[in-house]
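Here's a quick briefing to read alongside the model. Have the viewer open and follow along.

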Amino acid sequence: MENLRKHVKILMDLGFDYILVSEDMYEMDLKEKEKIMSELNRQIQECKKCDLYENRTQAVLGEGNLNAKVMFIGEAPGGDEDKQGRPFVGRAGKLLTKLIEKSGYKRTDFYIANICKCRPPGNRTPTPWEMEQCFPYLKKQIEVIDPKVLCLLGATAGRAFLNRNVAITKERGSLINWEGRILYLTYHPAYVLRNPNAEKVLEEDIRKSIEIAYPS
Ligand code: URA
């Protein structure tokens, strides 16, 4: 917003009487994005919209590059994430990080988040109602980061966006338009840990989702 104010002032100084500014004419600056994320973090730490708050150590907002063109979105924090307050830091997270690095990037080049911000007890799948309660937080994150590609890790993340059951083995690799962004459906890294044959496919999907966002 500060940048926008500066630009408007320059134009006014140049003699413009009025300036029409549409939302997509400027990019939010990083400081402003950080401020919104920190407010969102405050809100989720206090959130009691569903029962998941009862068992959390802390809610996990997400982390990474606030200007990323790719967001990786999982299901919900597990035990390690709940303890550390960071997404994808357990075994599945280490695999995700490894596959991102195999694409020639760093994990910190992208933004990583989950549909649900609190750990479901025993790592059960979050219910559709729990996901619905939490989705507005993720939507705000998407609006602020403004990525081109949302790489959805697993059927649960797919379901949250598409409001229907997703058969991930059939649908992985699909590109779907969602509110002007591209959804790229792929496997969850935890599924790949149980089915190591799927690792190459997840690796390729991660590489492709990055390529779509950053065409060479
Ligand atoms: N699984 C997820 O879906 N998200 C995490 O952050 C960790 C494991």
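How far does a backbone N or O atom of F88 lie from an oxygen atom of the ligand, and what is that distance in Å? The answer is 2.9 Å. Keep in mind that this is a predicted model, so to speak a computed picture from start to finish.

**Polar contacts to the ligand**
- Besides F88, whose backbone N or O atom sits 2.9 Å from a ligand oxygen, E75 also has a backbone N or O atom at 2.7 Å from an oxygen atom of the ligand.
- N114 works with its side chain: a polar atom there lies 2.8 Å from a nitrogen atom of the ligand.
- On its own, the ligand would expose 240 Å², and the protein buries 91% of that.

**The pocket and its shell**
- If you're hunting for the ligand, go to the largest pocket, as that is the space the ligand takes.
- Around the ligand you'll find G74, E75, A76, E81, P87, F88, N114 and H188.
- Sorted by class, that shell holds three nonpolar, three polar and two charged residues.

**The sheet**
- Six strands make up an open sheet with mixed pairing, and their order is β1-β3-β2-β4-β6-β5.
- At the edges are β1 (63-64) and β5 (175-178), each of which pairs on one side only.
- Strand β2 (residues 70-74) runs parallel to strand β3 (residues 111-114), and four bridges link the pair.
- Across that pairing, I73 stands opposite A113 in β3.

**Where the two pictures meet**
- G74 belongs to the ligand's surroundings, and β2 covers residues 70-74.
- N114 has the side-chain contact to a ligand nitrogen atom at 2.8 Å, and β3 covers residues 111-114.

Terms used
Residues numbered from 1 in each chain as written. Predicted model: local features only at pLDDT ≥ 70, side-chain atom pairs only at ≥ 80, totals over all residues. Heavy atoms only, no water. Near = heavy atom within 4 Å. Polar contact = N/O pair within 3.5 Å; in protein donor to acceptor, adjacent residues only side chain to side chain. Areas by Shrake-Rupley, 256 points an atom, 1.4 Å probe, with all protein chains shown as cover. 1 Å grid on protein atoms, 1.4 Å probe; cavity = no way out; pocket = protein on both sides within 12 Å on 5 of 7 lines; lining within 4 Å. Sits in = over half its atoms within 2 Å of the grid points. Nonpolar A, V, L, I, M, F, W, Y, C, P; charged D, E, K, R; others polar. Pairing = 2+ DSSP bridges. Helix = DSSP H or I, 4+ residues; strand = E, 2+ residues; numbered from the N terminus.
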